[in-house]
Protein chains: 2
Amino acid sequence: MSSGPAIQTLPGFRDFYPQECATRNYLFAQWKEWCRRYGFLEYEGPILESTDLYRKKSGDEVVEQLFAFTDKGDREVSLRPELTPTLARMVAARQRDFKKPMRWFSIGPFFRFERPQVAKGRMREFYQFNCDVIGEDAEQVDAELISLAIDLMVAMGFSADDFVVRVSDREAWLHFAREAGVAEEQTDPFLQCIDKMERQKEEITAASLSELGTSLDAVKAFIEEGAQRVPRLERLFVSLKAQGKDSYCEADLGIVRGLAYYTGVVFEIFDKKHGLRAIAGGGRYDRLIHNLSDGKADMPAAGFAMGDAVIGNLLEKTPEAKKRLEQYIQEAAAVDVYVVIASEDQRVAALAGVDQLRQAGRRVHYPFAPMKVGKQFQAAETQGATAAVVFGDEYPKVSVKDLANRAESSMEGIPAMLAAVEALLGQTEAGGALD
Amino acid sequence: MSSGPAIQTLPGFRDFYPQECATRNYLFAQWKEWCRRYGFLEYEGPILESTDLYRKKSGDEVVEQLFAFTDKGDREVSLRPELTPTLARMVAARQRDFKKPMRWFSIGPFFRFERPQVAKGRMREFYQFNCDVIGEDAEQVDAELISLAIDLMVAMGFSADDFVVRVSDREAWLHFAREAGVAEEQTDPFLQCIDKMERQKEEITAASLSELGTSLDAVKAFIEEGAQRVPRLERLFVSLKAQGKDSYCEADLGIVRGLAYYTGVVFEIFDKKHGLRAIAGGGRYDRLIHNLSDGKADMPAAGFAMGDAVIGNLLEKTPEAKKRLEQYIQEAAAVDVYVVIASEDQRVAALAGVDQLRQAGRRVHYPFAPMKVGKQFQAAETQGATAAVVFGDEYPKVSVKDLANRAESSMEGIPAMLAAVEALLGQTEAGGALD
């Protein structure tokens, strides 16, 4: 074995110790739970894909930010930067096997090769939640996706004071561009210019816009008056209101989304207090599956994605949300029962008790090596145990102690102990549902 | 956008469509659930590490099978082939922050660059469950890990007729090697020779063993009589019996594990009927963390790993296990309630009903676009709905239909509808626990 300085985590990559992993799992659990309620099915693709899959969507320039390399079999491959091209490939390959509309979601790691900015939450490896409805062009889908995103936020403890969903219509912008005389081949640069406007110096935007054949004044006027004029957004708000979600949303033509492929309603979620990057974003992309699959599949689609970085940051900054997260972390670590082995002569009996408690769905710790009884009770407290079960020389007499109020009772044998523990912990919280 | 033949999944990589993803999730859920009951905490490391991290453990030859490449920052990096080196790095970096023993587990993707053999379940990207106890040298830990592995197998529907845990002691083999006169520097090749014995032609093994200074006869005699003679295995079986697990285990010195770093009890799980590769394997490795961390941390440890390929194969081949898996897959896809929109005039009311049902934890579908009522009921059945709720012209009168027995009742308004649905579906199965 070689020696030398200790090997470090690569820059932009993270170690998830149990506490950080519990935070990650909290996000995963919220994402999964709301997808369950909305009737979405989970899928997953490979972490590595042909680099061509990404070139196809976004051209060579995207390869700059890809974690791309040549494998030992001389293939140009990339760690995936996003899921949509994989989704399009999968859907095109088996499009006849699934009833439409398909409601699909996925949670997994993604990669980009850029300078890591930990403070801003830009990592080289990050998690992302993707949620898409495929094979349905009804406008209802836009409201459904936005509603799901809002339910997620509210379940995590965020209120309308904390975040806003800014909703826009890409088609309204395409209409504006045509009316304003922006050349058709300049549509993408025009949309990108609008997308960057809020982060760009005004004179630079103004210069770009006049080069593109329009003006900053015209664009500003459109944004200010625009939203009320867009019938599709009016209809969207009727649905959002019916689903109890309108108060979290603003029609706002300032949103266009940078990517070229959106075709209808687009939206981004922002925090209201901390000026973080967008929490989530998405919209309708009716032609992308057709284009990515070389015409093999032609299905309308809409979806959105949420990464773990910005929302993780916001969880830390928002008291109610942080409280819920911390409760989850605490519950994820706490054991139900600590089995105290007061006499090593009864270790075998205690092991049988441990096994029976676990078969009943309880989370159980016990000392692997002989340990003083006082230390065992300390361990029980440290590990957040609700009950202690004591196996000692008086076995088959066993005692059960409520660690909250120190109340203790004793009984004969393991079945009686199990009943006492169930009575103490409450039948209702028994077992962990397989999800 | 470029054209050309459709881009394929890379060789050895898999697409997880919803059904395959549900199978994967079933494994994940079992792994997580038993780790919960045993009081293990989840952690995760990066998917990419310095190639040196793996060289350090296993020498340059391991790099042959690594998914290794040079990144754009000129670093030699690898997609992780296993988790133990990452675990050692993480533990060494923060060893004082955690109470010992640490009970940690992890579930994630791993990679190897070798010829994919799909039929044998050898993929380039695979999932693996890792489960370790760190900072505790008590023999009890060996039984604990084996017991957890058995509980997993039994929960998935496998019986003692389907699988066996073959348990051995690496130290007994080291003792044999010393007694038989195998040179100390030949210990690793000797252990590897024993490890390969069952898959190797006898004359080749015999030749290797005599070259190493012993004989096939001596080795065979040791294996046949050995297990009964090893006191550590005797003690192990006392614990396994107490935990109700002895009938699934065999003391069997034919197991040594190929890797050099094991120092005590080692075990592998095999199916009994199909001759598949090992389902899981592990053991005690008291010096590995010291070696991998350049002496920064020195902690005894034991653990095991289980991949998704062999167990996935065995699930398909074992009727009781397959039945449980299929039930899980079916439940993972089924919606609770289908909301039928019998009149588009009542879509807004229906959306409010959908939202309220979801807030109550129910999994709900409804038609995104106008659809004939008959087709909606068809969709409800296809999606495995238990109840249908009908919003039509008679709103605020709503009707709730039990799709199993066609019983129908009607009520006034959404709160009454919610109560009727809860009565039908049963309060007990409401909501999905966040895990």
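Lys and Arg count as positive and Asp and Glu as negative, while His and the chain ends are not counted. Each charge is placed at NZ of Lys, CZ of Arg, CG of Asp or CD of Glu.

This is a predicted model, in which local features need pLDDT of at least 70, side-chain atom pairs count only at pLDDT 80 or more, and totals for chains, interfaces and linings use all residues. Residues are numbered from 1 along each chain, and side-chain values use heavy atoms, without hydrogens and water.

**Exercise 1. Take stock of the charges in chain A.**
Step 1: Count the side chains. There are 54 positive and 67 negative ones.
Step 2: Compare the centres of the two sets. They lie 2 Å apart.

**Exercise 2. Describe the fold of chain A.**
Step 1: List the DSSP runs. Chain A has 15 helices (H or I, at least four residues) and 16 strands (E, at least two).
Step 2: Check burial. Of its 435 residues, 57% are buried (under 20% relative accessible area, 1.4 Å probe, protein chains only).

**Exercise 3. Relate chain B to chain A.**
Step 1: Superpose by least squares on the C-alpha atoms of residues with pLDDT of at least 70 in both. A turn of 180° and a shift of 0.0 Å along the axis lay chain B on chain A with an RMSD of 0.0 Å.
Step 2: Name the relation. That is a two-fold axis.

**Exercise 4. Characterise the interface.**
Step 1: Count contacts (heavy atoms within 4.5 Å). In chain B, 112 residues touch 112 residues of chain A.
Step 2: Find the residues of chain B that lose the most area to chain A. They are B:I7, B:Y17 and B:F368.
Step 3: Compare the surfaces. 100% of the interface residues of chain B are also interface residues in chain A, so the copies meet through the same surface.

Conventions. Chains lettered and ligands numbered in written order. Buried < 20%, exposed > 50% of the residue type's maximum accessible area, 1.4 Å probe, protein only. Buried area = accessible area lost by both parts, 1.4 Å probe.
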